[in-house]
Amino acid sequence: MLFASFDFLLFFLPVLGAWWALRRRPWARTAVVLAASYFFYMASSRPVDGSLPTPWYFAGLLAFSTVLDYVCSARIHRLAGGAEEGAGAGRTARRRNLWLTASVVGNLSLLGYFKYTNFFLEAFTDVANGLGASWVAPHLELMLPIGISFYTFQSLSYTIDVWRGKLTPEPSFLKFAFFVVFFPQLVAGPIVRASEFLPQMHVRPRLRLEDVNEGLFRIFKGLFKKVVLGDWLAVAFTDVVFDTPGSYTSWENMLALYGFTLQIYADFSGYSDIAIGVARLLGFKIPENFDRPYQARSLGEFWRRWHMTLSTWLRDYLFFPLGGSRGSAARTYFNLWLTMFLVGMWHGASWNFVIYSNIHGLAMLFNRWNRLRSRERGMLATLLQLTALAALAGFTMYLFAEHVLALEHDLAVRGGALGGAFTWICAAFPVTGGRLNHVGHVVLTFHFTVLSRVFFRAETLESAREMCAQVLRWDGRGVRPDLFKVQWMEEWVMVATAPATSLREAGVWVSQQGMLLLLVFGTFWHFTPREWVDVRLRRWMLALPAPVIGVAYAALAVVLMNLLTGPRANIYFAF
Amino acid sequence: MSSSTPPPPRPEGLLDGVAEVADAVSLEDAGALVGEVEPAAARRLGVSVLTMLSCIMLTYFVPAFQWAQPWREGEGYVPFWNLIGREFMGQGAQAVEREEAQRELEALARAAAEEPVAPRVRVEATPPLEQEEAQARYPALASADAVRDAPKVGVEGASTLEPFFEQLTLLDIGRRSTPLRVSHWGDSVLGNDGITGAIRDRLQARFGDAGHGFHLLAQNNPSYRHRGVSVDYKGEWRSCYVINKCKADRRYGFGGLTVWSSGGGETRFRFGEPGEGEALQDAGGEDRFEVWYATAPKGGDLRVKMDREVLGVISTRAETDGEAREVYTVPAGPHEYGVRAVGGGSARAFGVVLEHERPGIVWDGVALIGAFTSRFSPKYFDVEHFRRQFRMRGTELSVLMFGGNDLNGFNADRYRGTLRATLEMVRSADPVKSCLVISIIDHGERKGARIVSRPQVASMVELQRSEALTAGCAFFDAYAAMGGEGSMGRWNRSSPRLGSGDLAHLTHHGHQVLGELFTRALLAAYAEFRGERVGAALPLSPSAEEEAPVDPAVDASPSTRFDGEPR
């Protein structure tokens, strides 16, 4: 079920009512919301002429994952005492590890099978064909269970924390199952860790005025971001260009990249806002997932602010166990690359994501090297060092463009030159400085994320290639007049205003530039100080009387309903 | 002491810090778990929700607000539809059927996208039939060449394609020594050479690759791009595109766009996918590069280069206005060609042609982006000029795919007249040659929760069918091949995505799928033709002159053979 749908309203209000009505019956309210979460998971929203109903085995997989982790963790905990002392300590420790392995393998096997099998087959075939074979990869008809990438990590955090001794196992299976399938964050996060959520199941739930205010504000803000800045921009602009990038000019492709950069942020952070708000109305606090990531000064900071619950999960459960940055430099760089590679590959299984993951992995290595490199050298030595580095980066980019993307030679050379120049600028830019320095870092980081989004969004490598070629070709043709037009708005203006008036002219201009204005507005919104929205706007909204808030929600619903013909799934559903 | 210790710097990036050690979390109930609701919180939440619900209810009781109803009876949608079952909405069997069709489509899309088209074969020609061999008979089609998957939508009126199929047969059995040309005109549906490129790949894999075909000297739109052709537009051409009705003499050339320059206008071409040119070079043979231009009393010069060496200078000066072409025969290979106006007056040109001098298929992709059907009719074109261009090209089959732009403000009677005029212009250019009309693809619009076909689509397809068949052309129903009503919505939602977000064009994968569906239909009609002709007398193989006609009116110098020496 999708949040921005009428179905969700019909679902959520009774569930919310039941949860608080049963506040004196802990078992009953937990059971009701548990059942409701399964219902939420299995129910689809519009459109109805899409795919057939969600297969029932999806719910089975969810239940299997729940039981597996509950049983494994209980066993691990039971063996914990014996692993520390006595003659059989080694054997007991091995048995604990075996239960942990069962949980990890069981969860990751399901994820791997449904999400990565076809890609592994394709990659194996591609590599074999590259070596001279002539095979055609078989394609398995696998449907990726919704939310499997999220709930797998969520339940794994529980088992691993119990194994580490950082969490005692949940005595109640009902509560544990509730944690795994809690509907606000079930299908697209935030990824909530057991140690953050389960303790909340062991205190009395309270609905305070502060929770209501926060919940209503976050849901409203999230709906606006998700539907207006995310879905609408996608339907009316970015999807159209990304579908056939070759049909659009270099500028139009570039603007589509900016558009998608805003869209994906608005889509996912809007969804997270709604999830946080809904959970808050039920009395739960779930972690933040975004912290205005495009304001980051560096790529490392960007990933600290983007999809925070995934990146910190991989940091805590992969990067640190691998040794983090405590080992040798080589080991640290390997750990960094591997973590970032997996962060990237978590998002999807295709060659595009292999490229995307490596671009970000290598950029993180550069980021660390550049931050720690000695700045004591003389100017000439520094200049030589940076130029050599830029030349290496440029040559790598050229090879990539020529041989992986198979761009025309001239374009590959241009791509290499631009890559080298970008690297040089990033490396030479002073690490610290005043406000301008800060702006410079933000602009560079932002553009790195914008350009790398080609491989994130493009459906195929061919499509990514086409978009890269269009941007590098830089045809200087500008933007066609009707690309940003909002047709219905223009029609409405023509009906609602008198002919030959300045009001009509202004209205027509706004409707003709509609999507561009939205793109500029959304980007501006993102770069405003946090206080403007999270404090002042929030305070202003919360000062409104409850009936006004109710009317505002109704008005927003009407806008959302008429902006799109049906709710669009969150982009991260596909991951 | 602690107050004098500066706080540790906050790690800047995600992976810059070290693991924090936290206390173990114990999961024990903190007292009774009886929930509590603050009255103020309940009031605020309750009033907000009730107000919102009241507003929603209002839309069901006040007729003025009906447009804002979140759900209406009879819109084919019930909340939680997939759990209560489509049968409840009377969509059970239909939905299963549609789902199966969708799966088939996606499998086809994946196959088209992932299975490489077989390498382009070289068909070695046997000598033309001698008079005494004129009694040679049609052989049966080899079983390996038969169509394995019969198309659901075939070519209608396929008997009108017999002249083309006869030539295709000669090519197929190795009795045609030069390219067999097909010219495919259309609007933006042919943008990026998507559909035409997909058809070309498939037919060249089957019958041989005789080159890319016709290409303009300037883009009529950013979407005018050809796969396998790298073009660099340098300098300043002035241009006039037929849809702008900007040339009083209405001579827009074979591709609907003419360029001119008194000096400096230049276009460079490199044909072939990476590595393909080298393969051709290794295989030997010759290529043919043609420059199509207009003659005029004050015409200037065009300098033609190959690999930065001058092939020749064409003087476009002549006593009268007319058109001509210069043909260069060069060793096969991955050459770069350049055409540049070098002064001496204003040189006007229409395009270039690149072919391989050997048997095979050439499928011209002539996209008139943004064109209404009427732009490809006597209303905009000088018919005699078009006729001369058409004959100069030596096209055996004309394919037309217009109509997408005519959907806006569609008027059946007016459109019938327009289409009839277009078909007459093409048919009259050479009545003996075959022609084929491909209908518009489905065009969708969003209605409620669904993407439905625009209401004019079905009527336009019917009209295109009847006019094509009446004019003696074959017809392929692309709309039906896509799946008919609502198919653009399904193509848009399929994975990989086949229909573009504007619901009027196809994606790269969509081009491949439609190209595959059309090719199957054409080959099925060809197989049927061959089946009917087994044992019948073969037509005489055309002579080289017939295959590549030379018209004294347009061929100023019939052919310039490049001997490797710069000129």
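1. A good place to start is chain A, where the crossing of helices α2(A) and α3(A) is right-handed. This is a predicted model, so please read every value below as computed from it. Helix α2 covers residues 26-42 of chain A and helix α3 covers residues 57-78, and their axes come within 10 Å and cross at roughly 135°. That angle makes α2(A) oblique to α3(A).

2. If you would like to find this contact on screen, look on the α2(A) side for A:Tyr38, A:Tyr41 and A:Met42. Their counterparts in α3(A) are A:Phe58, A:Ala59, A:Leu62, A:Ala63 and A:Thr66. Sorted by class, the contact of α2(A) with α3(A) has 7 nonpolar residues, 1 polar residue and no charged ones.

3. Still in chain A, helix α10 (residues 209-243) packs with helix α23 (residues 530-542) at an angle of about 110°, and the two axes are 10 Å apart. At that angle α10(A) is roughly perpendicular to α23(A). The crossing in which α10(A) passes α23(A) is right-handed.

4. The residues that α10(A) brings to this meeting are A:Asn213, A:Glu214, A:Leu216, A:Phe217, A:Phe220 and A:Lys221. From α23(A) come A:Val533, A:Asp534, A:Leu537, A:Arg538, A:Met541 and A:Leu542. In terms of class, the contact of α10(A) with α23(A) has 7 nonpolar, 1 polar and 4 charged residues.

5. Now to chain B, and to an open sheet of 6 strands with mixed pairing. Following the order of the sheet, you pass β2, β20, β17, β16, β3 and β15 of chain B. The edges are taken by β2 (155-156) and β15 (360-367) of chain B; each has a single partner strand, so one side of each is left without a neighbour in the sheet.

6. Which strand partners β2(B)? Strand β20 of chain B (residues 474-476) is joined to β2(B) by 2 bridges, and the two run antiparallel. Within this pairing, B:Val155 stands opposite B:Phe476 in β20(B).

7. Helices also pack on this sheet. Helix α5 of chain B (residues 194-207) lies across β3 (179-186), β15 and β16 (395-401) of chain B, and runs at about 175° to β15(B). Helix α7 of chain B (residues 383-393) touches β3, β15 and β16 of chain B as well, with its direction making about 145° with that of β3(B).

8. Helix α7 of chain B has a helical neighbour too: α7(B) packs with helix α8 (residues 412-429) of chain B at an angle of about 50°, with the axes 9 Å apart. The two helices are therefore oblique to each other, and α7(B) passes α8(B) in a right-handed crossing. On the α7(B) side the contact involves B:Val383, B:Phe386, B:Arg387, B:Phe390 and B:Arg391, while α8(B) supplies B:Met425, B:Val426, B:Ser428 and B:Ala429. The residues of the contact of α7(B) with α8(B) divide into 6 nonpolar, 1 polar and 2 charged.

9. How many salt bridges does a search of the whole structure find? Over all chains, the search gives 56. One worth a look is the salt bridge of B:Arg206 with B:Asp172, where the closest N and O atoms are 3.0 Å apart. B:Arg206 lies in helix α5 of chain B, and B:Asp172 lies in helix α4 (residues 162-172) of chain B, so the pair ties together parts that are 34 residues apart in sequence.

10. Chain B also holds an open sheet of 5 strands, in the order β5-β8-β13-β10-β11, with antiparallel pairing. Its edge strands are β5 (229-234) and β11 (309-315) of chain B, each of which pairs on one side only. On average, and with direction ignored, neighbouring strands of this sheet are turned by 15° against each other.

11. For a closer view of that sheet, try strand β10 (residues 301-306) and strand β13 (residues 336-341) of chain B, which pair in the antiparallel sense over 5 bridges. Here B:Arg303 has B:Arg340 in β13(B) as its bridge partner.

How values were computed
Residues numbered from 1 in each chain as written. Chains lettered and ligands numbered in written order. Predicted model: local features only at pLDDT ≥ 70, side-chain atom pairs only at ≥ 80, totals over all residues. Heavy atoms only, no water. Axes fitted to C-alpha atoms, helices over the stretch in contact; angles between N-to-C directions. Helix = DSSP H or I, 4+ residues; strand = E, 2+ residues; numbered from the N terminus. Parallel < 35°, antiparallel > 145°, perpendicular 65-115°, else oblique. Left-handed = near helix turned anticlockwise from the far one by under 90°. Contact = heavy atoms within 4.5 Å. Nonpolar A, V, L, I, M, F, W, Y, C, P; charged D, E, K, R; others polar. Pairing = 2+ DSSP bridges. Salt bridge = Lys/Arg side-chain N within 4 Å of Asp/Glu carboxyl O.
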